[in-house]
Amino acid sequence: MSPSKVEEDKKRGYIVAVGGAEDKMGPAEILRRFVEVSGGKAARIAIIPTASRLADTGKRYEKLFKGIGVEEARTIPFAERADGSRDEWLRMLDAASGVFFTGGSQLRISTILGGTPAAKAVRRMNARGVAVGGTSAGAAVLSEHMIASGDEGATPKIGMATLAPGFGLTNRVIIDQHFRQRDRLGRLLTALAYNPFAVGVGLDEDTAAFINPDRVVEVVGTGAITVVDASALGHSSVASEDRGKPICLTNIRVHVLTHGATYNLETREATPPTAEE
């Protein structure tokens with residue numbers, strides 16, 4: 001294999017996590033930016049509506065992406081585990097330059113597609129440069145550690161968050177969606193108490209984290225992203241409290257980032273938007 005081929009294989013595609021309720025009728029800035037990182041007007045978008053129980057979800061996103069002007073947008077309606085091994089659908093998936101998971105239930109995605117050839121294909125595609133994104137439940141499933149469910153509230157408590165394996169495109173972050181709209185700071189802090197290695201990313205609605213190949217998060221949208229860095233965690237009472245009790249956590253850093261801001265997952269440094277943003 002030539003050196004250029006080796007470098008090409010190392011260049012991962014964007015990982016795009018959307019907080020849900022992204023603008024679809026107006027400028028649709030998040031979806032347009034996803035198209036841009038998927039190849040622009042020549043993009044071929046594979047839409048995976050597995051999280052949703054609504055029959056028209058895939059078609060609605062096809063219409064949205066085609067309205068933006070992409071060359072091709074096709075739904076792959078994985079609905080049961082056997083579908084994840086269908087050769088025809090795997091070929092459709094492999095031909096895509098961008099893969100987009102719709103909202104619904106993240107456990108539907110993980111239980112239907114987890115461990116299937118389709119899930120393995122999505123990881124390989126992202127590793128070779130294909131953009132992979134999702135909104136709401138489709139965002140939660142992108143990381144290795146997925147918040148499957150949890151309670152509302154700002155205070156972390158034992159048992160407040162239930163974790164499950166996600167697709168594993170990155171182990172750098174734990175993602176939560178509809179963040180401020182559904183008061184989910186407590187469950188994100190609880191998830192980080194279980195695993196302080198990762199960075200917590202709480203996504204407001206109509207707001208997205210575009211994680212570029214250099215592991216820098218770019219904020220796009222009308223809301224904010226709450227970034228929680230627990231790498232310097234000093235004390236955690238998570239192992240000594242009973243279920244339902246508050247968790248004591250010290251030395252946690254929190255950033256609230258708006259459109260145009262960035263966060264480097266390697267250096268753990270946040271940068272505010274420039275004056276032009």
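Helices (H or I, at least four residues) and strands (E, at least two) are DSSP runs, numbered from the N terminus. The structure is a predicted model, in which local features need pLDDT of at least 70 and side-chain atom pairs count only at pLDDT 80 or more, whereas totals for chains, interfaces and linings use all residues. Residues are numbered from 1 along each chain as its sequence is written, and side-chain values use heavy atoms, with hydrogens and water left out.

V99 belongs to strand β4. With a relative accessible area of 0%, V99 is buried (buried means under 20% relative accessible area, exposed over 50%, partly exposed in between, with a 1.4 Å probe and protein chains only). Contact is defined as heavy atoms within 4.5 Å. When neighbours within four places in sequence are left aside, V99 is in contact with F34, A46, I48, L93, M125, V130, A131, V132 and G133. The C-alpha atoms of V99 and I47 are 6.0 Å from each other, although 52 residues separate the two along the chain.

A nonpolar core is a set of buried Ala, Val, Leu, Ile, Met, Phe, Trp, Tyr and Cys residues joined through side-chain atoms within 4.5 Å. The largest such core comprises 49 residues, and L93, V99, F101, L113, F167 and L203 have the most contacts inside it. Helix α6 (residues 117–127) gives the most to this core, contributing 5 residues. Another core, apart from the largest, has 22 residues, including V18, I30, F34 and A43.

Helix α3 (residues 57–68) has 12 residues and should span 16 Å at 1.5 Å a residue; the end C-alpha atoms are 17 Å apart, in agreement. The expected span is 1.5 Å times one less than the number of residues. In α3, T57, G58, Y61, E62, L64, F65 and I68 are buried. Seen down the helix axis, the buried residues of α3 fall within an arc of 165 degrees and therefore line one face; the arc is that of the directions from the axis to the C-beta atoms. K59, K63 and G67, on the other side of α3, are exposed. The cover over the buried residues of α3 includes α2 (29–37), β2 (44–48), β3 (72–75), β4 (98–101) and β5 (131–135). G69, just after α3, adopts a positive phi of about 110 degrees.

Two strands pair if DSSP finds at least two bridges between them. An open sheet of 4 strands, with mixed pairing, follows the order β8-β9-β12-β13. Its edge strands, β8 (173–176) and β13 (253–258), each pair on one side only. Strands β9 (residues 199–203) and β12 (residues 224–229) run antiparallel and are joined by 5 bridges. V201 stands opposite V227 in β12.
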